[in-house]
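Reader: I'd like to learn how to read a sheet and its surroundings in a model like this. Can you walk me through it?

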Amino acid sequence: MKHMTHLQRLEAESIFIIREAAASAENPVMLYSIGKDSAVMLHLAMKAFKPGKPPFPLLHVDTTWKFREMIEFRDRRAKELGLDLIVHTNQEGVRAGINPFASGSRVHTDVMKTEALKQALDKYKFDMAFGGARRDEEKSRAKERVFSLRTPEHRWDAKNQRPEPWRLFNTRKKKGESFRVFPLSNWTEQDVWHYIAIENIPVVPLYFAAPRPIIRRDGALIMKDDDRMELKPGESVETMMVRFRTLGCYPLTGAVESSAASLDDIIGEMRSSRVSERQGRVIDQDSGASMEEKKQEGYF
Amino acid sequence: MTSPITARRLPDEADLAQGSIPAALEDETFAGPAPDSATDGEVIDPQGAMKPLVSPAASLLRFITCGSVDDGKSTLIGRLLFETNSVFDDQMEALKRDTKKFGTTGEDLDFALLVDGLSAEREQGITIDVAYRYFSTGNRAFIIADTPGHEQYTRNMATGASQAELAIILVDARKGILSQTRRHSFITSLVGIKSVIVAINKMDLVDYSEARFEEIKRGYQAILPTLGFTDVTFVPVSAKAGDNIVAPSPNTPWYRGETLLERLETVEPETFDAGAEPFRLPVQWVNRPNLDFRGFSGSIVGGKVARGDAIVALPSGGRSRVKGVFGPDGEVASAEAGEAVTITLTDEIDVSRGDVITAANAPTGVSRSFSGDLLWMANRPLIKGGRMIVKIGSAQTPATLSSLDGAIDIHSYETRPADALTMNEIGRVKLTAERPVVALPYGENRDLGAFILIDPVSNETVALGVVRTVGEPEAVAPEGHAENRSGLARLADLWLGEAARGGAEHRAEHRQAKIRARIAGSVLVGFLALIFQMPLLLVPVLALLDFLLRPFLAVAFGADRLPEERKLDPTVVDEGGGI
């Protein structure tokens with residue numbers, strides 16, 4: 001067998017998974033969160049179906065609180081690649097005035113992300129949804145299958161998952177059931193950045209350090225991306241050199257002070273980093289089994 | 001107002017992959033064309049094909065850890081992650097907190113809590129499901145499948161083992177070789193792992209006794225002959241205290257071998273040598289973006305393929321030659337086992353998902369029946385006559401358990417007669433499929449020799465297994481189509497609209513009906529010509545020309561081909577449809 005490098009093996013594995021899913025789905029969709037993992041997943045999907053295009057649209061669940069740069073990037077990429085992009089927002093949540101400040105991170109995430117995702121999947125009757133989650137992100141994700149079966153109510157049953165020996169994925173399902181498919185299951189944060197660098201994959205500029213307007217709130221560095229974020233007594237907006245390790249809703253995403261303005265810098269910084277990437281995610285920081293609970297309820 | 005981020009605690013997660021030195025990737029080739037831009041229907045960038053992904057030093061090792069309950073598996077993994085700097089500060093804080101809450105190690109950090117992620121696991125202090133962990137050193141990236149030790153979860157262990165290249169088998173130095181050790185070793189051997197590290201753990205609790213270590217080593221060597229491992233090393237460790245995990249321990253001066261991590265970093269696991277095999281490509285996807293391109297996509301599971309190679313598509317038997325090989329970055333001259341490719345052929349033969357494209361001279365088993373060893377994973381028992389779906393490679397076929405030749409005792413390794421298999425039992429079986437399947441003995445090919453069984457009603461994965469022998473071969477259409485056919489015959493295929501489908505397989509009735517319809521069409525043309533008062537002599541000429549030439553128009557416009565290559569999978573049934 002030819003000697004394949006670590007990243008070449010991961011790339012081949014992901015392409016295999018994407019093709020397997022597309023071939024066995026009736027109506028697949030790729031969840032596109034605009035982040036670095038989504039960028040890599042999309043890049044792999046483009047490779048998997050060359051010279052054709054991926055036989056599925058992209059779906060972005062827009063909470064209306066994403067960084068503006070993310071939205072610009074999303075629309076530009078979909079256009080450049082000539083792919084269909086579906087944007088879904090939970091209008092009920094918007095009408096109910098759900099937002100990360102007044103409602104709290106948990107309710108906001110439940111309504112505007114988890115519920116919104118379920119709405120979109122039901123609306124378009126997608127039966128196979130690709131997600132860019134990686135097993136190294138979080139403990140309960142470490143036990144997630146590559147092809148993760150969800151009930152018609154979109155629930156994940158951690159105790160009743162199908163074994164996935166070799167790469168013989170069982171993609172059969174009953175009416176109403178659906179799959180979440182994770183082609184990047186075996187990638188780590190480092191792998192993702194190395195691959196982005198080597199393959200020259202465009203990512204949202206927020207990953208690179210730049211002077212940005214920052215409010216210090218409860219120990220996190222929150223970027224004031226628009227006027228919806230109001231200052232509390234004693235707070236002020238400072239311009240700081242920061243970057244983001246993960247991207248989500250801007251009021252819930254902590255920046256890190258950094259001068260890493262290039263991919264080389266980011267990779268260098270990651271080597272010496274002592275905190276995990278999800279530390280910036282406010283929603284993960286509830287109870288120990290927080291993510292497990294959210295996943296059972298249908299969070300990606 | 002409640003701030004969204006007031007309920008802040010330290011983050012609680014086990015993102016365990018990073019923080020260490022990455023797999024030897026220095027800042028090289030960041031240049032190169034953005035591959036995304038080359039998607040506008042352009043097939044290839046031949047230059048792009050040669051671009052290496054990373055410096056070749058970076059390799060990947062997938063291994064499993066297995067041991068009995070309380071052998072300290074999770075602790076060992078936690079220790080490896082900790083020692084390779086793969087645990088972040090926020091995770092360490094969470095670990096300290098969790099140790100107080102759930103810990104079983106008193107004052108010391110309970111590394112098991114780094115990996116036991118499901119709440120049921122934390123509460124019960126055991127590993128239930130396979131968990132995948134990632135770390136890397138300067139030389140190598142590692143993927144660990146942390147598999148449960150308890151017999152109840154044997155299926156999860158087998159799943160983890162099936163993807164691994166090496167197994168660490170943990171033995172508690174106080175308890176020695178247990179029946180679980182024998183069971184884990186057997187499953188490791190069943191899925192074809194050849195390289196094994198026997199880590200004799202908890203050496204601290206036997207006063208680092210060399211005599212005890214040697215005793216256990218001899219005990220394990222006694223069971224080796226039945227297992228077929230070709231590369232076995234023994235390492236005395238204490239996962240909890242860290243002896244011989246990374247650095248040689250002063251507590252075991254009598255041990256001069258490699259430490260556990262040294263072994264993991266240097267081992268070249270002995271696996272099936274896929275490179276020596278003939279070319280085999282299970283087709284996952286027919287890539288047909290436009291009429292000028294018809295490619296077959298999949299991951300190569302054996303050998304090598306290059307432009308111009310003669311191939312045969314199984315089970316249909318259609319023959320052709322390779323016109324182009326496309327890797328992830330565009331067209332390449334050749335590709336090898338492990339790579340995800342798309343190939344095009346010089347002839348339009350019938351190939352669809354589930355078929356296997358192989359080297360033309362490669363003997364490959366195509367048969368309706370095969371025998372194998374399987375691990376039964378469902379609650380209900382497996383009995384003879386059971387009907388299931390078998391999946392091998394990318395093909396799914398309904399199949400019947402035609403015989404159950406015995407159950408293998410995974411503790412004594414002996415076969416005994418059995419009428420049924422219960423959950424976690426291994427049996428020797430024969431399966432008969434409804435349609436021919438392309439299979440090989442597992443010893444020859446890890447991909448085409450492995451299968452799962454799926455319950456057609458519940459859709460559960462009920463068994464995993466390996467093929468031992470492939471039954472009576474099915475007659476494969478001996479002489480192919482296009483390649484071997486004369487010019488006239490090819491013209492006839494074109495005229496009949498059968499070239500695209502591979503001439504021989506169309507049924508005679510269908511062909512006759514088609515010809516009758518065309519005669520009727522030509523008579524109609526003649527009749528119309530008559531009505532429009534064409535010279536009487538020209539009418540039959542016109543009708544004849546229409547009869548002969550019109551079908552070629554269909555070919556010219558591509559109307560003879562089926563628009564959609566994706567065949568309906570005959571095994572797909574709606575709920576309650578039952579097969």
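Author: Sure, and keep in mind that this is a predicted model. Let's start with one strand pair: in chain B, β2(B) and strand β3 (residues 140-146) run antiparallel and are joined by six bridges. To see the pairing residue by residue, look at Ser136(B), which sits opposite Ala141(B) in β3(B).

Reader: What is the order of the strands in the open sheet of chain B?

Author: You read across the sheet, not along the sequence. Here six strands line up as β2-β3-β1-β4-β5-β6 (chain B), and the pairing is mixed. At the edges you find β2 (131-136) and β6 (231-236) of chain B, each with a single partner strand, so each has one side with no neighbour in the sheet. On average, neighbouring strands are turned by 25 degrees against each other, ignoring direction.

Reader: Which strands does helix α6 of chain B touch?

Author: Helix α6 (residues 179-190) of chain B packs on the sheet and touches β1 (59-66), β4 (166-172) and β5 (195-201) of that chain. The direction of α6 makes about 175 degrees with that of β4(B). Helix α7 (residues 210-223) of chain B lies across β4, β5 and β6 of chain B, at about 160 degrees to β6(B).

Reader: Over to chain A: is Asn99(A) buried or exposed?

Author: Check the relative accessible area; under 20% is called buried. Asn99(A) has 16%, so it's buried. You'll find Asn99(A) in the loop between α4 (91-95) and α5 (104-124) of chain A.

Reader: And what is Asn99(A) in contact with?

Author: Leaving aside neighbours within four places in sequence, Asn99(A) contacts Trp65(A), Gly104(A) and His108(A).

Notes
Residues numbered from 1 in each chain as written. Chains lettered and ligands numbered in written order. Predicted model: local features only at pLDDT ≥ 70, side-chain atom pairs only at ≥ 80, totals over all residues. Heavy atoms only, no water. Pairing = 2+ DSSP bridges. Helix = DSSP H or I, 4+ residues; strand = E, 2+ residues; numbered from the N terminus. Axes fitted to C-alpha atoms, helices over the stretch in contact; angles between N-to-C directions. Contact = heavy atoms within 4.5 Å. Buried < 20%, exposed > 50% of the residue type's maximum accessible area, 1.4 Å probe, protein only.
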